[in-house]
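Colleague: I've got the model open on my screen. Can you walk me through it?

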Amino acid sequence: MNSVSMESETSYSAIVSKPSQDSKVGISFIAKDEGVHVSSIVPGGIADNAGIKTGDRIIFINGHPAGNLSAHQAASLLRKGDGKIEIIAENPDVNLDDGTLEEVASAASLDSGKIASTMSDGLGMTILIIQVVMVMVIKTGEYGSLSDFSMKQYSIFRDIMVMLLLGFGYLMTFLEKYGLSAVGLTMLVTVLNMECNLLIEGGLTHDLSISLKSIINAEFSAAALLISFGALIGRATPLQMCLIAIFEAMFYAVNKVTLVGGLLDAEDVGGTITIHMFGAFFGLAAAYALGAQRKESASNNAASRVSDVFSFLGTTLLWVYWPSFVGATETGVAANEMRCLENTIMALIGSTGAAFYLSQLLNGGKFDAVHIQNSTLAGGVAIGATARLAMGPGMAFIVGLAAGLVSVLGYFYSSPFLEKKFGIYDTCGVGNLHGYPSVFGGLLSILLVYLYPNPDLLQHAVGMQSLVQLGAVTATIISASVTGYLTGIVVLAINPSYFASVPDYEDMVWWLGE
(Lines give C-alpha, C1' and ligand atoms only; values in the text may rest on other atoms or scores of the structure.)
Protein backbone atom coordinates (compact mmCIF):
# COMPACT_ATOMS: atom_id res chain seq x y z
CA MET A 1 0.00 0.00 0.00
CA ASN A 2 1.33 3.44 -0.98
CA SER A 3 0.35 6.47 1.05
CA VAL A 4 0.72 10.23 0.88
CA SER A 5 0.30 12.80 3.62
CA MET A 6 0.42 16.55 3.10
CA GLU A 7 2.75 18.43 5.45
CA SER A 8 1.84 21.94 4.32
CA GLU A 9 0.22 23.72 1.42
CA THR A 10 3.22 23.01 -0.81
CA SER A 11 5.23 20.15 0.74
CA TYR A 12 4.22 16.58 1.45
CA SER A 13 5.60 13.18 2.40
CA ALA A 14 4.96 10.27 0.04
CA ILE A 15 5.65 6.67 1.05
CA VAL A 16 6.66 4.64 -1.99
CA SER A 17 6.47 0.88 -1.44
CA LYS A 18 8.68 -1.26 -3.69
CA PRO A 19 7.96 -5.01 -3.52
CA SER A 20 11.62 -5.60 -4.43
CA GLN A 21 14.71 -3.61 -5.33
CA ASP A 22 14.14 -4.32 -9.02
CA SER A 23 10.59 -2.94 -9.01
CA LYS A 24 10.02 0.02 -11.30
CA VAL A 25 8.73 3.10 -9.52
CA GLY A 26 7.52 4.81 -12.68
CA ILE A 27 9.12 8.22 -12.18
CA SER A 28 11.69 10.30 -14.05
CA PHE A 29 13.64 13.35 -12.86
CA ILE A 30 15.13 16.47 -14.37
CA ALA A 31 17.70 18.76 -12.75
CA LYS A 32 16.91 22.47 -12.87
CA ASP A 33 18.52 25.45 -11.16
CA GLU A 34 16.28 25.17 -8.14
CA GLY A 35 16.79 21.43 -7.66
CA VAL A 36 15.59 18.03 -8.87
CA HIS A 37 12.06 17.96 -10.28
CA VAL A 38 9.75 15.19 -11.43
CA SER A 39 9.74 15.29 -15.24
CA SER A 40 7.19 12.51 -15.79
CA ILE A 41 5.06 9.95 -13.97
CA VAL A 42 3.89 6.61 -15.38
CA PRO A 43 0.08 6.54 -14.98
CA GLY A 44 -0.96 3.87 -12.51
CA GLY A 45 2.61 3.22 -11.43
CA ILE A 46 3.98 3.13 -7.89
CA ALA A 47 4.91 6.84 -7.88
CA ASP A 48 1.56 7.84 -9.32
CA ASN A 49 -0.30 5.83 -6.69
CA ALA A 50 1.79 7.51 -4.01
CA GLY A 51 0.49 10.90 -5.09
CA ILE A 52 3.67 12.31 -6.61
CA LYS A 53 2.99 14.77 -9.45
CA THR A 54 4.87 15.94 -12.52
CA GLY A 55 6.69 19.20 -11.76
CA ASP A 56 7.08 18.53 -8.03
CA ARG A 57 10.46 19.38 -6.53
CA ILE A 58 12.15 16.57 -4.59
CA ILE A 59 13.50 17.66 -1.20
CA PHE A 60 14.48 14.37 0.49
CA ILE A 61 14.71 10.71 -0.59
CA ASN A 62 14.74 8.49 2.49
CA GLY A 63 16.29 11.29 4.51
CA HIS A 64 18.95 12.07 1.90
CA PRO A 65 18.86 15.76 0.82
CA ALA A 66 18.11 15.98 -2.90
CA GLY A 67 18.97 19.65 -3.40
CA ASN A 68 22.49 19.01 -4.73
CA LEU A 69 21.75 15.76 -6.56
CA SER A 70 21.74 15.39 -10.31
CA ALA A 71 18.80 13.71 -12.03
CA HIS A 72 20.59 10.39 -12.43
CA GLN A 73 21.84 10.45 -8.83
CA ALA A 74 18.28 10.93 -7.59
CA ALA A 75 17.05 8.12 -9.85
CA SER A 76 19.87 5.84 -8.70
CA LEU A 77 19.09 6.53 -5.04
CA LEU A 78 15.47 5.63 -5.60
CA ARG A 79 16.31 2.61 -7.72
CA LYS A 80 18.60 1.12 -5.06
CA GLY A 81 15.97 1.45 -2.36
CA ASP A 82 13.92 -1.50 -1.18
CA GLY A 83 10.67 -1.73 0.74
CA LYS A 84 9.17 1.56 1.93
CA ILE A 85 10.92 4.72 0.71
CA GLU A 86 9.91 8.14 1.99
CA ILE A 87 10.02 11.00 -0.48
CA ILE A 88 9.61 14.56 0.78
CA ALA A 89 8.55 16.81 -2.08
CA GLU A 90 6.80 20.08 -2.73
CA ASN A 91 4.74 21.53 -5.52
CA PRO A 92 6.27 24.97 -6.13
CA ASP A 93 4.05 25.65 -9.11
CA VAL A 94 7.08 25.36 -11.37
CA ASN A 95 6.27 24.16 -14.86
CA LEU A 96 8.84 22.37 -16.96
CA ASP A 97 9.43 24.23 -20.20
CA ASP A 98 7.45 23.15 -23.22
CA GLY A 99 10.56 21.98 -25.06
CA THR A 100 11.42 19.58 -22.27
CA LEU A 101 7.90 18.16 -22.12
CA GLU A 102 7.83 17.69 -25.88
CA GLU A 103 11.20 15.97 -25.72
CA VAL A 104 10.03 13.62 -22.97
CA ALA A 105 6.87 12.73 -24.84
CA SER A 106 8.79 12.16 -28.05
CA ALA A 107 11.33 9.89 -26.40
CA ALA A 108 8.64 7.88 -24.69
CA SER A 109 6.71 7.29 -27.91
CA LEU A 110 9.56 6.33 -30.25
CA ASP A 111 9.88 2.77 -31.45
CA SER A 112 13.44 1.61 -30.78
CA GLY A 113 13.56 -0.46 -33.95
CA LYS A 114 12.69 2.59 -36.02
CA ILE A 115 15.47 4.59 -34.34
CA ALA A 116 18.15 2.05 -35.29
CA SER A 117 16.87 1.58 -38.85
CA THR A 118 16.76 5.34 -39.40
CA MET A 119 20.44 5.61 -38.45
CA SER A 120 21.55 2.45 -40.27
CA ASP A 121 22.51 4.08 -43.57
CA GLY A 122 24.72 6.72 -41.99
CA LEU A 123 26.34 4.31 -39.55
CA GLY A 124 26.98 1.61 -42.12
CA MET A 125 28.32 4.11 -44.66
CA THR A 126 30.72 5.60 -42.09
CA ILE A 127 32.14 2.18 -41.21
CA LEU A 128 32.37 1.21 -44.89
CA ILE A 129 34.16 4.39 -45.94
CA ILE A 130 36.91 3.86 -43.37
CA GLN A 131 37.45 0.30 -44.60
CA VAL A 132 37.63 1.43 -48.24
CA VAL A 133 40.11 4.20 -47.42
CA MET A 134 42.26 1.73 -45.47
CA VAL A 135 42.33 -0.68 -48.43
CA MET A 136 43.23 2.09 -50.87
CA VAL A 137 46.06 3.45 -48.74
CA ILE A 138 47.70 0.27 -47.43
CA LYS A 139 47.06 -2.16 -50.30
CA THR A 140 50.65 -1.59 -51.45
CA GLY A 141 51.94 -0.90 -47.95
CA GLU A 142 54.98 -2.48 -46.36
CA TYR A 143 55.83 -4.19 -43.10
CA GLY A 144 58.03 -2.47 -40.59
CA SER A 145 61.70 -3.30 -40.30
CA LEU A 146 62.43 -6.84 -39.11
CA SER A 147 65.29 -5.50 -36.98
CA ASP A 148 62.78 -3.47 -34.94
CA PHE A 149 60.54 -6.46 -34.23
CA SER A 150 60.50 -8.36 -30.94
CA MET A 151 58.02 -10.63 -29.21
CA LYS A 152 58.14 -8.23 -26.26
CA GLN A 153 56.41 -5.68 -28.51
CA TYR A 154 53.65 -8.20 -29.16
CA SER A 155 53.27 -8.73 -25.41
CA ILE A 156 52.89 -4.96 -25.00
CA PHE A 157 50.32 -4.87 -27.83
CA ARG A 158 48.37 -7.68 -26.18
CA ASP A 159 48.45 -6.06 -22.74
CA ILE A 160 47.20 -2.73 -24.08
CA MET A 161 44.47 -4.38 -26.13
CA VAL A 162 43.26 -6.14 -22.99
CA MET A 163 43.07 -2.71 -21.35
CA LEU A 164 41.14 -1.22 -24.27
CA LEU A 165 38.60 -3.94 -25.08
CA LEU A 166 38.18 -5.57 -21.67
CA GLY A 167 39.40 -2.96 -19.19
CA PHE A 168 37.70 0.12 -20.59
CA GLY A 169 34.81 -1.90 -21.99
CA TYR A 170 33.87 -3.58 -18.73
CA LEU A 171 34.63 -0.50 -16.62
CA MET A 172 31.73 1.20 -18.39
CA THR A 173 29.27 -1.65 -17.83
CA PHE A 174 28.17 -0.01 -14.57
CA LEU A 175 25.20 1.25 -16.62
CA GLU A 176 22.81 -1.63 -16.00
CA LYS A 177 20.82 -1.03 -19.19
CA TYR A 178 23.82 -0.28 -21.42
CA GLY A 179 26.22 -3.18 -20.88
CA LEU A 180 26.05 -4.53 -24.44
CA SER A 181 26.83 -1.11 -25.84
CA ALA A 182 29.59 -0.45 -23.30
CA VAL A 183 31.53 -3.52 -24.45
CA GLY A 184 30.34 -3.74 -28.06
CA LEU A 185 30.74 -0.09 -29.04
CA THR A 186 34.10 -0.02 -27.30
CA MET A 187 35.29 -2.63 -29.80
CA LEU A 188 33.81 -0.77 -32.78
CA VAL A 189 35.18 2.69 -32.03
CA THR A 190 38.55 1.28 -30.93
CA VAL A 191 39.09 -0.38 -34.29
CA LEU A 192 37.86 2.62 -36.30
CA ASN A 193 40.09 5.00 -34.36
CA MET A 194 43.12 2.72 -34.75
CA GLU A 195 42.56 2.51 -38.50
CA CYS A 196 42.38 6.29 -38.76
CA ASN A 197 45.45 6.75 -36.56
CA LEU A 198 47.55 4.39 -38.69
CA LEU A 199 46.82 6.64 -41.64
CA ILE A 200 46.95 10.06 -39.98
CA GLU A 201 49.88 9.59 -37.59
CA GLY A 202 51.68 7.64 -40.32
CA GLY A 203 51.19 10.57 -42.65
CA LEU A 204 52.42 13.09 -40.08
CA THR A 205 55.56 11.02 -39.42
CA HIS A 206 56.01 10.19 -43.14
CA ASP A 207 55.95 6.46 -42.38
CA LEU A 208 52.92 4.46 -43.48
CA SER A 209 54.53 1.07 -42.94
CA ILE A 210 52.62 -1.26 -40.64
CA SER A 211 54.71 -2.38 -37.67
CA LEU A 212 54.00 -3.33 -34.09
CA LYS A 213 55.32 0.10 -33.13
CA SER A 214 52.76 1.88 -35.33
CA ILE A 215 49.99 -0.44 -34.12
CA ILE A 216 50.87 0.29 -30.47
CA ASN A 217 50.79 4.02 -31.27
CA ALA A 218 47.33 3.45 -32.75
CA GLU A 219 46.32 1.79 -29.48
CA PHE A 220 47.41 4.93 -27.62
CA SER A 221 45.11 6.96 -29.88
CA ALA A 222 42.25 4.56 -29.16
CA ALA A 223 42.91 4.92 -25.43
CA ALA A 224 42.40 8.69 -25.70
CA LEU A 225 39.17 8.06 -27.60
CA LEU A 226 37.83 5.61 -25.02
CA ILE A 227 38.51 8.16 -22.29
CA SER A 228 36.38 10.62 -24.25
CA PHE A 229 33.79 7.88 -24.80
CA GLY A 230 33.44 7.61 -21.03
CA ALA A 231 32.14 11.17 -20.86
CA LEU A 232 29.65 10.56 -23.68
CA ILE A 233 28.61 6.92 -23.28
CA GLY A 234 24.88 6.35 -23.33
CA ARG A 235 24.17 9.82 -24.72
CA ALA A 236 26.08 9.91 -28.01
CA THR A 237 24.57 7.55 -30.58
CA PRO A 238 26.68 4.87 -32.31
CA LEU A 239 26.85 7.04 -35.44
CA GLN A 240 27.97 10.04 -33.45
CA MET A 241 30.62 7.99 -31.65
CA CYS A 242 31.98 6.66 -34.95
CA LEU A 243 32.30 10.21 -36.26
CA ILE A 244 33.93 11.31 -33.01
CA ALA A 245 36.38 8.40 -33.34
CA ILE A 246 37.43 9.71 -36.75
CA PHE A 247 37.74 13.36 -35.73
CA GLU A 248 39.56 12.60 -32.50
CA ALA A 249 42.10 10.39 -34.28
CA MET A 250 43.06 13.40 -36.37
CA PHE A 251 43.18 15.97 -33.56
CA TYR A 252 44.96 13.60 -31.17
CA ALA A 253 47.69 12.87 -33.72
CA VAL A 254 48.26 16.55 -34.45
CA ASN A 255 48.52 17.38 -30.75
CA LYS A 256 50.85 14.47 -30.02
CA VAL A 257 53.12 14.48 -33.07
CA THR A 258 53.17 18.13 -34.06
CA LEU A 259 52.71 19.97 -30.77
CA VAL A 260 53.66 18.07 -27.58
CA GLY A 261 56.12 15.63 -29.12
CA GLY A 262 57.27 17.88 -31.94
CA LEU A 263 57.35 21.61 -31.38
CA LEU A 264 57.67 21.35 -27.59
CA ASP A 265 59.32 17.94 -27.22
CA ALA A 266 57.89 17.49 -23.72
CA GLU A 267 58.49 14.55 -21.39
CA ASP A 268 55.40 12.31 -21.39
CA VAL A 269 56.44 8.68 -21.63
CA GLY A 270 53.17 7.26 -20.25
CA GLY A 271 50.70 9.62 -21.90
CA THR A 272 49.55 11.69 -18.92
CA ILE A 273 49.39 14.73 -21.20
CA THR A 274 48.90 13.42 -24.73
CA ILE A 275 46.48 10.59 -23.88
CA HIS A 276 44.70 11.11 -20.55
CA MET A 277 44.57 14.89 -20.55
CA PHE A 278 43.68 15.15 -24.22
CA GLY A 279 41.03 12.41 -24.02
CA ALA A 280 39.43 13.82 -20.88
CA PHE A 281 39.14 17.43 -22.00
CA PHE A 282 38.10 16.44 -25.52
CA GLY A 283 35.30 14.30 -24.07
CA LEU A 284 34.19 16.92 -21.54
CA ALA A 285 34.07 19.61 -24.22
CA ALA A 286 32.07 17.34 -26.53
CA ALA A 287 29.69 16.55 -23.65
CA TYR A 288 29.24 20.28 -23.08
CA ALA A 289 28.40 20.71 -26.76
CA LEU A 290 25.73 18.00 -26.51
CA GLY A 291 24.04 20.05 -23.79
CA ALA A 292 22.53 19.35 -20.40
CA GLN A 293 20.73 16.07 -19.78
CA ARG A 294 17.00 16.82 -19.96
CA LYS A 295 15.59 13.54 -21.20
CA GLU A 296 13.17 11.33 -19.36
CA SER A 297 15.57 8.47 -20.05
CA ALA A 298 18.17 10.11 -17.79
CA SER A 299 16.84 7.82 -15.07
CA ASN A 300 18.32 4.87 -17.03
CA ASN A 301 21.75 6.06 -15.90
CA ALA A 302 21.88 3.84 -12.86
CA ALA A 303 23.89 0.89 -11.62
CA SER A 304 22.90 -2.40 -10.04
CA ARG A 305 24.97 -4.77 -7.94
CA VAL A 306 25.54 -7.00 -10.94
CA SER A 307 26.57 -4.16 -13.27
CA ASP A 308 28.88 -2.78 -10.59
CA VAL A 309 30.60 -6.17 -10.28
CA PHE A 310 31.23 -6.26 -14.03
CA SER A 311 32.60 -2.72 -13.80
CA PHE A 312 34.98 -3.86 -11.05
CA LEU A 313 36.23 -6.52 -13.47
CA GLY A 314 37.24 -3.72 -15.83
CA THR A 315 38.95 -1.88 -12.97
CA THR A 316 41.06 -4.88 -12.00
CA LEU A 317 42.11 -5.55 -15.60
CA LEU A 318 43.16 -1.94 -16.06
CA TRP A 319 45.05 -1.98 -12.75
CA VAL A 320 47.01 -5.12 -13.63
CA TYR A 321 47.97 -4.09 -17.17
CA TRP A 322 48.51 -0.35 -16.58
CA PRO A 323 52.29 -0.66 -15.98
CA SER A 324 52.67 -2.23 -19.45
CA PHE A 325 50.83 0.73 -20.93
CA VAL A 326 53.13 3.26 -19.28
CA GLY A 327 56.32 1.40 -20.17
CA ALA A 328 55.26 0.41 -23.69
CA THR A 329 57.78 2.60 -25.51
CA GLU A 330 60.73 1.72 -23.26
CA THR A 331 61.14 -2.01 -23.97
CA GLY A 332 64.59 -1.47 -25.49
CA VAL A 333 66.18 0.22 -22.46
CA ALA A 334 66.17 -1.89 -19.30
CA ALA A 335 66.72 0.98 -16.83
CA ASN A 336 63.90 3.06 -18.31
CA GLU A 337 61.56 0.08 -18.48
CA MET A 338 62.28 -0.82 -14.86
CA ARG A 339 61.55 2.70 -13.62
CA CYS A 340 58.36 2.94 -15.70
CA LEU A 341 57.00 -0.32 -14.35
CA GLU A 342 58.01 0.10 -10.72
CA ASN A 343 56.99 3.77 -10.48
CA THR A 344 53.60 2.96 -12.02
CA ILE A 345 52.99 0.04 -9.67
CA MET A 346 53.84 2.18 -6.63
CA ALA A 347 51.60 4.98 -7.85
CA LEU A 348 48.69 2.57 -8.36
CA ILE A 349 49.19 1.15 -4.88
CA GLY A 350 49.13 4.68 -3.49
CA SER A 351 45.97 5.75 -5.32
CA THR A 352 44.19 2.54 -4.32
CA GLY A 353 44.83 3.10 -0.62
CA ALA A 354 43.87 6.76 -0.90
CA ALA A 355 40.63 5.97 -2.76
CA PHE A 356 39.44 3.42 -0.21
CA TYR A 357 40.34 5.70 2.70
CA LEU A 358 38.67 8.87 1.43
CA SER A 359 35.62 7.08 0.02
CA GLN A 360 34.61 5.64 3.38
CA LEU A 361 35.48 8.90 5.12
CA LEU A 362 33.09 10.86 2.90
CA ASN A 363 30.30 8.28 3.06
CA GLY A 364 29.89 7.51 6.75
CA GLY A 365 32.13 4.47 6.79
CA LYS A 366 30.81 2.89 3.57
CA PHE A 367 32.60 2.62 0.24
CA ASP A 368 31.17 4.18 -2.92
CA ALA A 369 31.57 1.74 -5.81
CA VAL A 370 32.13 4.61 -8.25
CA HIS A 371 35.14 5.83 -6.24
CA ILE A 372 36.72 2.39 -6.03
CA GLN A 373 36.04 1.48 -9.65
CA ASN A 374 37.76 4.62 -10.89
CA SER A 375 39.89 6.53 -8.40
CA THR A 376 42.02 3.49 -7.58
CA LEU A 377 43.48 3.94 -11.08
CA ALA A 378 44.29 7.65 -10.74
CA GLY A 379 47.91 6.98 -9.77
CA GLY A 380 48.53 5.40 -13.16
CA VAL A 381 47.17 8.52 -14.85
CA ALA A 382 49.28 10.97 -12.86
CA ILE A 383 52.61 9.12 -12.96
CA GLY A 384 52.72 8.71 -16.74
CA ALA A 385 54.45 11.98 -17.59
CA THR A 386 57.43 11.32 -15.32
CA ALA A 387 57.45 7.52 -14.93
CA ARG A 388 60.93 6.99 -16.36
CA LEU A 389 62.60 9.56 -14.11
CA ALA A 390 64.65 8.26 -11.17
CA MET A 391 62.34 9.84 -8.59
CA GLY A 392 62.42 6.82 -6.30
CA PRO A 393 59.54 4.50 -5.34
CA GLY A 394 58.64 6.71 -2.37
CA MET A 395 57.96 9.74 -4.55
CA ALA A 396 55.97 7.59 -7.00
CA PHE A 397 53.88 6.33 -4.10
CA ILE A 398 53.20 9.91 -2.93
CA VAL A 399 52.16 10.89 -6.47
CA GLY A 400 49.65 8.04 -6.44
CA LEU A 401 48.32 8.94 -3.00
CA ALA A 402 47.68 12.54 -4.03
CA ALA A 403 46.11 11.52 -7.35
CA GLY A 404 43.71 9.13 -5.61
CA LEU A 405 42.59 11.83 -3.19
CA VAL A 406 42.12 14.36 -6.01
CA SER A 407 40.06 11.85 -7.99
CA VAL A 408 37.67 10.94 -5.15
CA LEU A 409 37.15 14.60 -4.28
CA GLY A 410 36.31 15.22 -7.92
CA TYR A 411 33.62 12.55 -7.93
CA PHE A 412 32.18 13.75 -4.64
CA TYR A 413 32.15 17.51 -5.29
CA SER A 414 33.01 18.39 -8.88
CA SER A 415 30.68 16.17 -10.91
CA PRO A 416 27.42 17.43 -9.35
CA PHE A 417 28.69 21.03 -9.56
CA LEU A 418 29.66 20.85 -13.25
CA GLU A 419 26.42 19.12 -14.16
CA LYS A 420 24.20 21.54 -12.31
CA LYS A 421 25.98 24.81 -13.04
CA PHE A 422 27.41 24.25 -16.52
CA GLY A 423 25.38 21.39 -17.97
CA ILE A 424 28.50 19.23 -18.41
CA TYR A 425 27.08 15.74 -18.11
CA ASP A 426 30.07 13.40 -17.68
CA THR A 427 28.60 9.88 -17.65
CA CYS A 428 31.61 7.99 -16.28
CA GLY A 429 33.28 10.89 -14.53
CA VAL A 430 36.33 10.91 -16.80
CA GLY A 431 37.10 14.41 -15.59
CA ASN A 432 37.73 12.90 -12.17
CA LEU A 433 39.66 9.79 -13.22
CA HIS A 434 41.60 11.22 -16.17
CA GLY A 435 41.10 15.00 -16.13
CA TYR A 436 42.11 16.18 -12.67
CA PRO A 437 44.79 13.50 -12.11
CA SER A 438 46.36 14.26 -15.51
CA VAL A 439 46.45 17.98 -14.77
CA PHE A 440 47.97 17.17 -11.37
CA GLY A 441 50.53 14.85 -12.98
CA GLY A 442 51.29 17.31 -15.76
CA LEU A 443 51.84 20.21 -13.38
CA LEU A 444 53.86 18.00 -11.05
CA SER A 445 56.12 17.12 -13.98
CA ILE A 446 57.22 20.78 -14.03
CA LEU A 447 58.79 20.21 -10.62
CA LEU A 448 59.96 16.62 -11.09
CA VAL A 449 61.94 17.25 -14.30
CA TYR A 450 63.74 19.97 -12.35
CA LEU A 451 64.42 17.82 -9.28
CA TYR A 452 65.39 14.67 -11.21
CA PRO A 453 67.01 15.85 -14.46
CA ASN A 454 68.39 13.24 -16.84
CA PRO A 455 70.14 14.54 -19.98
CA ASP A 456 69.79 11.12 -21.62
CA LEU A 457 65.99 11.37 -21.42
CA LEU A 458 65.02 15.04 -21.37
CA GLN A 459 65.30 17.11 -24.52
CA HIS A 460 65.94 20.48 -22.88
CA ALA A 461 68.18 21.98 -20.24
CA VAL A 462 67.16 22.13 -16.59
CA GLY A 463 64.68 24.98 -16.16
CA MET A 464 63.73 25.11 -19.83
CA GLN A 465 62.29 21.57 -19.58
CA SER A 466 59.97 22.77 -16.80
CA LEU A 467 58.71 25.58 -19.02
CA VAL A 468 58.19 23.07 -21.82
CA GLN A 469 56.12 20.85 -19.49
CA LEU A 470 53.91 23.82 -18.58
CA GLY A 471 53.52 24.66 -22.25
CA ALA A 472 52.51 21.08 -23.07
CA VAL A 473 49.84 21.03 -20.35
CA THR A 474 48.43 24.40 -21.40
CA ALA A 475 48.48 23.64 -25.11
CA THR A 476 46.87 20.22 -24.67
CA ILE A 477 44.02 21.51 -22.51
CA ILE A 478 43.30 24.26 -25.02
CA SER A 479 43.58 22.11 -28.14
CA ALA A 480 41.53 19.26 -26.66
CA SER A 481 38.81 21.57 -25.36
CA VAL A 482 38.47 23.53 -28.60
CA THR A 483 38.53 20.52 -30.93
CA GLY A 484 36.29 18.50 -28.62
CA TYR A 485 33.68 21.24 -28.50
CA LEU A 486 33.77 21.74 -32.27
CA THR A 487 33.47 18.00 -32.82
CA GLY A 488 30.49 17.87 -30.48
CA ILE A 489 28.83 20.72 -32.36
CA VAL A 490 29.40 18.99 -35.70
CA VAL A 491 28.03 15.58 -34.68
CA LEU A 492 25.05 17.22 -32.97
CA ALA A 493 24.29 19.38 -36.03
CA ILE A 494 23.71 16.30 -38.19
CA ASN A 495 20.18 15.97 -36.80
CA PRO A 496 19.69 17.76 -33.45
CA SER A 497 15.96 17.02 -33.18
CA TYR A 498 16.62 13.34 -33.81
CA PHE A 499 19.33 13.26 -31.13
CA ALA A 500 16.89 14.89 -28.69
CA SER A 501 14.39 12.10 -29.33
CA VAL A 502 16.63 9.06 -28.87
CA PRO A 503 16.35 7.42 -25.43
CA ASP A 504 19.65 7.41 -23.56
CA TYR A 505 21.43 4.52 -21.79
CA GLU A 506 19.23 1.87 -23.42
CA ASP A 507 20.78 -1.16 -25.14
CA MET A 508 17.56 -2.28 -26.76
CA VAL A 509 17.56 0.78 -29.00
CA TRP A 510 20.67 -0.53 -30.77
CA TRP A 511 20.85 -4.29 -30.15
CA LEU A 512 18.61 -7.24 -30.97
CA GLY A 513 16.99 -8.67 -27.87
CA GLU A 514 13.79 -9.32 -26.00
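Colleague: Let's start with one side chain. Is Phe278 buried or exposed?

Modeller: Bear in mind that this is a predicted model. Buried means under 20% relative accessible area. Phe278 comes out at 0% relative accessibility, so Phe278 counts as buried.

Colleague: And Tyr252, is that buried or exposed?

Modeller: The same kind of check works here, with the cut-off for buried at under 20%. Tyr252 has 1% relative accessibility, so Tyr252 counts as buried.

Colleague: How many aromatic pairs are there?

Modeller: Rings count as a pair if their centres lie within 6.5 Å. By this rule the total is nine.

Colleague: Take Tyr170 and Phe310. Are they stacked or edge-to-face?

Modeller: The ring centres of Tyr170 and Phe310 are 6.1 Å apart. Planes under 30 degrees apart count as stacked. The planes of these two rings sit at 20°, so the pair is stacked.

Colleague: How many residues apart in sequence are the parts that this pair ties together?

Modeller: Tyr170 belongs to helix H5, while Phe310 belongs to helix H10 (residues 305-326). Tyr170 is partly exposed at 23% relative accessibility, and Phe310 is partly exposed too, at 41%. Since the two rings lie in those two helices, the parts they tie together are apart in sequence by 140 residues.

Colleague: Back to Tyr252 and Phe278: stacked or edge-to-face?

Modeller: Their ring centres are 6.2 Å apart. Planes over 60 degrees apart count as edge-to-face. With the planes at 75°, the pair is edge-to-face.

Colleague: Which helices do those two rings tie together, and which residues make up the cluster they belong to?

Modeller: Tyr252 lies in helix H8 (residues 238-264) and Phe278 in helix H9 (residues 272-290), so the pair ties together parts 26 residues apart in sequence. Ring pairs link up a cluster of Tyr252, Phe278 and Phe282.

Colleague: H8 also packs against H6. Is that crossing left-handed or right-handed?

Modeller: Helix H6 (residues 179-204) and H8 pack at about 35°, their axes 8 Å apart. By class, their contact has 18 nonpolar, three polar and three charged residues. As for how H6 passes H8, the crossing is right-handed.

Colleague: Which helices each supply at least two residues of the lining of the largest cavity?

Modeller: The largest cavity has a volume of about 80 Å³. Its lining includes Phe168, Leu226 and His434, and divides into nine nonpolar, three polar and no charged residues. The helices that each supply at least two lining residues are H5 (151-171), H7 (212-232) and H15 (430-451).

Definitions and conventions. Residues numbered from 1 in each chain as written. Predicted model: local features only at pLDDT ≥ 70, side-chain atom pairs only at ≥ 80, totals over all residues. Heavy atoms only, no water. 1 Å grid on protein atoms, 1.4 Å probe; cavity = no way out; pocket = protein on both sides within 12 Å on 5 of 7 lines; lining within 4 Å. Points joined across faces, edges and corners; volume = space filled by probe spheres on them. Helix = DSSP H or I, 4+ residues; strand = E, 2+ residues; numbered from the N terminus. Nonpolar A, V, L, I, M, F, W, Y, C, P; charged D, E, K, R; others polar. Phe/Tyr/Trp six-rings, centres within 6.5 Å; stacked < 30°, edge-to-face > 60°. Buried < 20%, exposed > 50% of the residue type's maximum accessible area, 1.4 Å probe, protein only. Axes fitted to C-alpha atoms, helices over the stretch in contact; angles between N-to-C directions. Left-handed = near helix turned anticlockwise from the far one by under 90°.
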